[in-house]
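Student: I should like to test the terms used for this structure against their definitions. Shall we proceed by question and answer?

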Amino acid sequence: MRTQILLIAATMMFASTHAAFSMDDIARRSAERRAAEVVIWAMPAVNADLMLQAFRKAGGAANQIAYWSRLPSWKNQTLTPNPDTVYFMPFFDTSKTGPIVLEIPPADTGSLTANIDNLWQVALEDAGPSGADKGKGGKYLILPPGYSKRVPKGYIALKSDTYAGYALIRSTPKTGSDADVAKAVSYGKRVKLYPLSSAARPEDTKYVDVIDTLFDATIPYDLTYFHSLDRVVQSEPWLERDRAMIDAVRSLGIEKGKQFQPDEDMSAALVQGAKDAHEWLDRQRTIVFEPFYSGAKWFVPALPDVIQGHSDNFARKDVYPTDANGVTYSMGYVGIKHLGTGQFYLMTMTDGTGAPLEGSKAYRLTVPPHAPVRQYWSATVYDSKTHAFIREVDRFSRSSNSPDIKANTDGSVDVYFGPAAPQGQESNWVPTKPDQRFEVLFRLYGPEKPFFEKSWVLPDLVAVP
């Protein structure tokens, strides 16, 4: 009898609990859950599409090159951009033109660090001295999905499984002086982009200067995100590894060949799902990265499976790091074929005690002498909410090639972060906003062996009075 009573009570509790949720509630909760998963999964492609849309708003188009004619201002609202180099961004689309040629000049009067990616930001190849051409220059031929024709001699063929993609090209000035920056711009404009069909007489490459344009590619955790994803689904083939997502995406109203028109209820579910994904991603960033140095706070802002997957197009059959991809590409962009050859990155969101970096406080980073880099190092501040430059601020970093930076007598360099410059340290200071938290990215261009051996150690940030 006691067993029967317990079973009846359990059944009544189950029925009572589930009666609280109507079919409409269950459908809404399911849509919100799927929307959050889709946001995380689609992050690399949406991130790339947002940059293309920013370029279009600036007057550009596919198969043209965006460039910054000076070192970037805060109006470059891409994710964790480099303020100490001149950017060129060719956006390519082979869907109508067929194969596209990206021509990289030899490293004679300048030096380029370049990465060529498909729309999912999987690295097709690196270019420049640290890339396939080894600084000799070369013609990289980007082939559309399924291309089977013979490739002409003299090209470095890159097979892409998406029609669209982009290259991130950094033309590095010797210093940040106006004259050196102008030389880097001039050298970078030797890059060419044109269809293979016109290779005999290449058409002029169109460069679009976006230096004074608000180039906003920060991640929007709202309905805008799904409109961006819809553009990707409509224009690109489904990849084999993503076939399991077709139904999930379709259940949210995004389907190839159909117009995306979510009703009021679906729109609300999508927005809530995007907010849930945002909160999850923010939390993950604080727990998933292992310290680069034992016990320290610096970490590599991409997990090993992501670095590997974006370098070999996820060749491993037992690994597809969807969550890690979402975390990585919600705070940065570009896939690199051989990370550590041309550049390397460390990031921190806290000081040495583990406390978040507050824009109202002052901090010091002491960069030890003899930094193991062939080119330069830099320390850059970003808004921790957007992972872009802090808006309305006119300086974001200090680097070893900053013209006015001061070194200590032992060769070390103290870099200061805070709302006001310490007295006498104006040239070594990076401003922050008192009402915003921030994060710091430390770049090494041309990193050398002592860095990877960790015989040269970058200390944590220290709060100062």
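Student: What makes β4 and β10 a pair of strands in this predicted model?

Tutor: Two strands pair if at least two bridges are found between them. Strand β4, residues 100-104, and β10 are joined by four bridges in the antiparallel sense, so the criterion of at least two is met. One of the contributing positions is Ile100, whose bridge partner in β10 is Pro195.

Student: Which sheet contains these strands, and why are β8 and β10 called its edges?

Tutor: The sheet is open and has four strands in the order β8-β7-β4-β10, with mixed pairing. β8 (156-159) and β10 (192-195) each have a single partner strand, so one side of each is left without a neighbour in the sheet. From one strand to the next, the twist averages 25°.

Student: What is the order of strands in the other open sheet, the one with antiparallel pairing?

Tutor: Its four strands follow the order β13-β19-β15-β16. The edges are β13 (343-348) and β16 (397-399), each of which pairs on one side only. Neighbouring strands in this sheet are turned by 15° against each other on average, with direction ignored.

Student: How do you know that β19 is paired with β15 and also with β13?

Tutor: The threshold is at least two bridges. Strands β15 (residues 373-383) and β19 (residues 438-447) share nine bridges in the antiparallel sense, and β13 and β19 share six, also antiparallel. Both pairings therefore satisfy the threshold of at least two. Ala379 has Phe442 as its bridge partner in β19, and Phe344 has Leu444 as its partner in β19.

Student: What makes β13 an enclosed strand, given that it stands at an edge of the sheet?

Tutor: A residue is buried when its relative accessible area is under 20%. Six of the six residues of β13 are buried, so this strand is largely enclosed by the rest of the structure. In a regular strand the side chains alternate between the two faces of the sheet. In β13 both faces are covered: Gln343, Tyr345 and Met347 are buried on one side, and Phe344, Leu346 and Thr348 are buried on the other.

Student: Why is helix α9 described as mostly covered?

Tutor: With burial set at under 20% relative accessible area, six of the eight residues of α9 (residues 322-329) are buried, so the description "mostly covered" applies. The buried residues are Ala324, Asn325, Gly326, Val327, Thr328 and Tyr329. They pack against α2 (23-57), α7 (264-285) and α8 (304-312).

Student: What makes the backbone of Asn63 and of Val334 noteworthy?

Tutor: Most residues other than glycine have a negative phi. Asn63, in the loop between α2 and β1 (64-67), has a phi near 70°. Val334, in the loop between α9 and β13, has a positive phi of about 85°.

Student: Why is Asn63 called partly exposed but Val334 buried?

Tutor: Asn63 has a relative accessible area of 23%, which lies between the limits of 20% and 50%, so it is partly exposed. Val334 has 11%, which is under 20%, so it is buried.

Student: How is Gln234 classified, and what does it touch?

Tutor: Gln234 is found in helix α5 (residues 223-235). Its relative accessibility is 30%, and because this falls between 20% and 50%, Gln234 counts as partly exposed. Not counting residues up to four places away in sequence, Gln234 touches Glu255, Lys256, Gly257 and Lys258.

Student: How do you know that the size of the chain agrees with a compact globule?

Tutor: For 465 residues, a compact globule would have a radius of gyration near 23 Å; the chain has 24 Å, which agrees. The C-alpha trace spans about 85 × 65 × 40 Å along its principal axes, and buried residues make up 52% of the 465 residues.

Student: Where should the model not be read in detail, and why?

Tutor: The mean pLDDT of the chain is 94, and 96% of its residues reach 70 or more. Over residues 1-16, however, the pLDDT is below 50, and this stretch has zero contacts beyond near neighbours in sequence. Where pLDDT is low, the predicted coordinates should not be read in detail.

Methods: Residues numbered from 1 in each chain as written. Predicted model: local features only at pLDDT ≥ 70, side-chain atom pairs only at ≥ 80, totals over all residues. Heavy atoms only, no water. Axes fitted to C-alpha atoms, helices over the stretch in contact; angles between N-to-C directions. Rg over C-alpha atoms; globule rule 2.2 N^0.38 Å. Buried < 20%, exposed > 50% of the residue type's maximum accessible area, 1.4 Å probe, protein only. pLDDT = per-residue confidence, 0-100. Contact = heavy atoms within 4.5 Å.
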